[in-house]
Amino acid sequence: MVTPPPVPKVSVVICTLDEHEAIGGVLDDLIADLAGVRHEIIVVDDSLDDATAQVVLGRARRHPAVRLIRRNGAGGLASAAIAGWDAARGETLAIMDGDGQHDPRLIRRMLERMAQVRADVVVASRYLDDNGSGLTGLRHWGSRAGVMASSLLLGLRLADPLSGCFAMTRAWYEAVRPRLSGLGFKILIDVVASTRRRPRLEQMPTALRPRVGGVSKLDLRVVFDLLALLVEKRTGGALSARMTQFLFVGLTGLLVHLTVLSTGRVLGAPFWLGQSSAIFMAMNWNFMLNNGLTFRDHRLRGRALWQGLLSFYVACLGGAAISEAVGAALHALGVPWFAAGVAGAVAGAFWNYRAVQRLTWRPAKAARQAGMVLAAWTGRIIR
């Protein structure tokens, strides 16, 4: 009989995206600092090239505790973190960045603090003292705005709910795992706000170090994801983050529709022409925006883009029929025309969301096509 390897005390997940310049030093420092602690380090790499993976595999050949998960066609730190934690075997699960901004010594310190106070989650916070966050300019103020929004909407007692470095017990992860959305780049909010019971939290101060490699992931899409995630957690999952994004895109499409229709009226075009042009333009706007934002982890390109556009037309025609039927039925029952129209639009939007998930962006199929490539403890690639 082969004796299984001992269960690690901690599994550290590091999510990378084109960070080959930094990841080697991060792994070396982390391995050195965790000497004497049973551990494994799982790097989840979403890079388009092999540079980051090759650095990680080089360390894995010398250090059996290092493992690699490569994802093809998948994106977002949150989903990468979940993929790493799902593959982990440790009693405690942790996460940190691979660009060198997080001090690797934080992991051991969080383990010690967790044992002392019996916390479910220990967070390395940038805002517990006056030493500064390590961010500058727009990134600092954007981070602070995200902290304020998270506190106001969710009531989280966290100085830094957007922190990318924290540790949690396996028991806590297993409790929240079924409700994690895995959307975007901010996983801590998902972890601490996915159950009615809030975790026993402990916080410790830190500041970000200068980035060694890679680039900041903070952009408008990250903000878009964060706001949608806050809505999901605030509504207890009644409105998923992705559905919230889809509905928001629909509102912008309504503005496009009204703009085109108004322009047609000003130019003297007949109503039927202005209305049909407005519908066509709004549908194309919604498709492109949803492809780039709402479903960007399953983004369609090339020939699939045009096939997806045609299927989007089909799905939205069904939604238009439902919207018309619901609105007309409610109006016939005496509901005021405005309320009946809004109710019809909402019903049509929900239909469209479910339909495009099945017809246009098929996450299950995309996930199977993306697949995973894992590197074993020996550094061999398993396909």
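## A long run: helix 9

Let's start with helix 9, which covers residues 241-266. Its 26 residues reach 38 Å from the first C-alpha to the last, close to the 38 Å expected at 1.5 Å a residue. Just after helix 9 comes Gly268, whose phi is positive, at about 85°. Keep in mind as you read that this is a predicted model.

## Helix 1 and what covers it

Does the same arithmetic work elsewhere? Take helix 1, residues 20-33. With 14 residues at 1.5 Å a residue, helix 1 should span 20 Å, and its end C-alpha atoms are 21 Å apart, which agrees.

Now for the residues of helix 1 that are tucked away. Ala22, Ile23, Gly24, Val26, Leu27, Leu30, Ile31 and Asp33 are buried. What lies over them? The cover includes four strands, namely strand 1 (10-16), strand 2 (39-45), strand 3 (66-71) and strand 4 (92-97), along with helix 2 (51-62) and helix 4 (105-117).

## Strand 6, covered on both faces

Here is a handy idea to begin with: in a regular strand, side chains alternate between the two faces of the sheet. Strand 6 (residues 166-169) has Phe166 and Met168 on one side, with Ala167 and Thr169 on the other. Which of its faces are covered? Both are, and these four residues are all buried.

Strand 6 also has partners. It pairs with strand 4 in the antiparallel sense over four bridges, and Met168 in strand 6 is the bridge partner of Leu93. Strand 6 pairs with strand 5 in the antiparallel sense too, over three bridges. There, Phe166 is the bridge partner of Val123. So Phe166 and Met168, which share one side of strand 6, each turn up in a bridge: Phe166 with Val123 and Met168 with Leu93.

## Rings that meet

The structure has eight aromatic pairs. In one of them, the ring centres of Phe287 and Trp361 are 5.5 Å apart with their planes at 20°; planes under 30 degrees apart count as stacked, so this pair is stacked. Where do the two rings come from? Phe287 sits in helix 10 (residues 271-294), while Trp361 is in the loop between helix 12 (337-359) and helix 13 (363-370), so the pair ties together parts that are 74 residues apart in sequence.

Are these two residues buried or exposed? Phe287 is buried, at 0% relative accessibility, and Trp361 is buried with a relative accessible area of 0% as well. They also have company: Phe287, Phe295, Phe312 and Trp361 form one aromatic cluster.

## Two loop residues with positive phi

Gly268 is a glycine with a positive phi, but you can find positive phi values in other residues here. Asp18 has a phi near 55° and lies in the loop between strand 1 and helix 1. Its relative accessible area is 36%, so Asp18 counts as partly exposed.

Arg118 isn't a glycine either, yet its phi is positive, at about 55°. You'll find Arg118 in the loop between helix 4 and strand 5 (121-125). Is Arg118 buried or exposed? At 65% relative accessibility, Arg118 counts as exposed.

## Cysteines and disulfides

A disulfide is a covalent bond between the sulfur atoms of two cysteines. How many disulfides does the structure hold? The count is zero. As for individual cysteines, Cys15 counts as buried at 10% relative accessibility, and Cys316 counts as buried at 12%.

Note on methods:
Residues are numbered from 1 along each chain as its sequence is written. This is a predicted model: local features need pLDDT of at least 70, side-chain atom pairs count only at pLDDT 80 or more; totals for chains, interfaces and linings use all residues. Side-chain values use heavy atoms; hydrogens and water are left out. The expected span of a helix is 1.5 Å times one less than its number of residues. A disulfide is a pair of cysteine sulfur atoms within 2.5 Å. Buried means under 20% relative accessible area, exposed over 50%, partly exposed in between (1.4 Å probe, protein chains only). Contact means heavy atoms within 4.5 Å. Rings of Phe, Tyr and Trp (its six-membered ring) pair if their centres lie within 6.5 Å; planes under 30 degrees apart count as stacked, over 60 as edge-to-face and the rest as tilted. Two strands pair if DSSP finds at least two bridges between them.
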